[in-house]
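The following note sets out points on the model for a colleague at the bench. Please read each point with the sequence and the coordinates at hand.

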Amino acid sequence: MNCKKALITGTTIAAEITGLYLAAVFPRGKKDRADRTPFLYKTSSGNDRWLYAHRGLHDNESEAPENSMAAFQRAVVAGYGIELDVQLTKDKVPVVFHDSTLKRVCGVTGSVSDYTFEELQNFSLCMSEERIPRFADVLRLINGQVPLIVEYKLESFDTEVCVLGNDLLDQYQGLYCIESFHPAAVHWYKKHRPDIMRGQLSMNFTVDPQNRRKPVYWLMTYLMFDFWTKPDFIAYDHHAANNLSFQITTKLFGALPVAWTIKSKEQLQEAKKNFQLFIFDSFRPVE
């Protein structure tokens, strides 16, 4: 009898844990979900898909380095959607730049937030003539010609970059969606702009040994903040597409699966097994 009770109790606990897990990873429901079709297809009919140039159609050895005005112009001319990154300067100007530090791209110390926008104009991007652009100027350049995936860069729970970025996007007439690795940015859009398609960026953070002892990275790897952010799409490292939470969230619950970052035609073909929208880099999917 005691064994039977123990079995029933164990089964109940397992069911409760499973229920809590599924509730944690449940994305935005189908009834409330933003329309994904314009981000997938160039026309309302047909199979001509949008592909998204990672940080613009760039080449860091050229005069069109990543997240530069030249790279964005090249993407527009080539007919690709654009993925780009937004963060704030010291004087609270939204600019387009990816890294947490300036070292790799600009060859100087410090981060974007350590300098005013005017000061940042002293630094070149990858030794080119290009400079870190204002987000406002990038939006004027693109002008709705191609769809945008706007990634917000957060180092903490301070979501001021979302507030200021959204102020600019409110005046923008083109098609865009937002994404972030930081759940606070995705939640900000859930709370303040539920009409905008939003995505949770993720990857296998636990590959880095330093992250394995930090529960937050395990939770982010397995999309355990979806209950709070309710994303429309999951943008996941395509190398880790077998992640259980990614598979459940996209294939069972219907969140749009977005692949980053595809770097060859072979990777693109393989990614089509698990993803529907593709962010690419280092090659041209369509010549």
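1. Pro285 is buried in this predicted model. Its relative accessible area is 13%, which is under the 20% limit for a buried residue. Pro285 belongs to the segment after strand S9 (277-280). Leaving aside neighbours within four places in sequence, Pro285 is in contact with Leu51, Tyr80, Lys265, Leu268 and Phe280. Trp260 does not appear among these partners; Pro285 and Trp260 are 25 residues apart in sequence, and their C-alpha atoms are 14 Å apart in space.

2. Leu51, one of the partners of Pro285, is likewise buried, with a relative accessible area of 13%. Leu51 is placed in the loop between helix H2 (37-40) and strand S1. Not counting residues up to four places away in sequence, Leu51 touches Tyr80, Gly81, Phe278, Phe280, Pro285 and Val286. Tyr80 is 29 residues from Leu51 in sequence, yet the two C-alpha atoms are 5.6 Å apart. Tyr80 and Phe280 therefore deserve inspection together with this pair, since each is listed as a contact of Leu51 and of Pro285, and both Leu51 and Pro285 are buried.

3. Which residues of helix H3 (residues 69-78) are buried? They are Ala71, Phe72, Ala75 and Val76. Seen down the axis of H3, these buried residues fall within an arc of 140 degrees, so they line one face of the helix. An α-helix has 3.6 residues a turn, so residues three or four places apart point the same way. The cover over the buried residues of H3 includes strand S1 (52-54), strand S2 (81-88), strand S3 (94-96) and helix H6 (135-142). After H3 comes Gly79, with a positive phi near 80 degrees.

4. Helix H7 (160-169) may be read in a similar manner. Its buried residues are Val161, Cys162, Gly165, Asn166 and Leu169. They cover an arc of only 125 degrees around the axis, which puts them on the same side of H7. The elements against which these buried residues pack are S2, S3, H6, S4, S5 and H8.

5. Helix H8 (residues 183-192) is mostly covered, as seven of its ten residues are buried. The buried residues are Pro183, Ala184, Ala185, Val186, His187, Trp188 and Tyr189. Among the elements that cover them are strand S4 (148-152), helix H7, strand S5 (176-180), strand S6 (198-202) and helix H10 (226-229).

6. Three features of the backbone call for a check. Most residues other than glycine have a negative phi, and most peptide bonds are trans. Cys126, although not a glycine, has a positive phi of about 55 degrees. Cys126 lies in the loop between helix H5 (117-120) and H6, and at 16% relative accessibility it counts as buried. Asn143 also is not a glycine and has a positive phi, of about 50 degrees. Asn143 is placed in the loop between H6 and S4, and at 58% relative accessibility it counts as exposed. The third feature is a cis peptide bond that joins Trp260 and Thr261, with omega about -25 degrees. Thr261 is found in strand S8 (residues 256-262).

7. As to the chain as a whole, it has twelve helices and nine strands. Does its radius of gyration agree or disagree with that of a compact globule? For 287 residues such a globule would have a radius near 19 Å, and the chain has 20 Å, which agrees. The C-alpha atoms fill a box of roughly 80 × 45 × 35 Å along the principal axes. Buried residues make up 52% of the 287. Of the contacts with a separation of 6 or more, 57% are between residues 24 or more positions apart.

8. The remaining point concerns surface and charge. The accessible surface of the chain comes to about 14400 Å², and carbon and sulfur atoms account for 54% of it. There are 33 positive and 34 negative side chains. The centres of these two sets lie 9 Å apart.

Methods:
Residues numbered from 1 in each chain as written. Predicted model: local features only at pLDDT ≥ 70, side-chain atom pairs only at ≥ 80, totals over all residues. Heavy atoms only, no water. Helix = DSSP H or I, 4+ residues; strand = E, 2+ residues; numbered from the N terminus. Rg over C-alpha atoms; globule rule 2.2 N^0.38 Å. Buried < 20%, exposed > 50% of the residue type's maximum accessible area, 1.4 Å probe, protein only. Contact = heavy atoms within 4.5 Å. Areas by Shrake-Rupley, 256 points an atom, 1.4 Å probe, with all protein chains shown as cover. Lys, Arg positive; Asp, Glu negative; His and termini not counted. Charge placed at Lys NZ, Arg CZ, Asp CG, Glu CD. Arc of directions from axis to C-beta.
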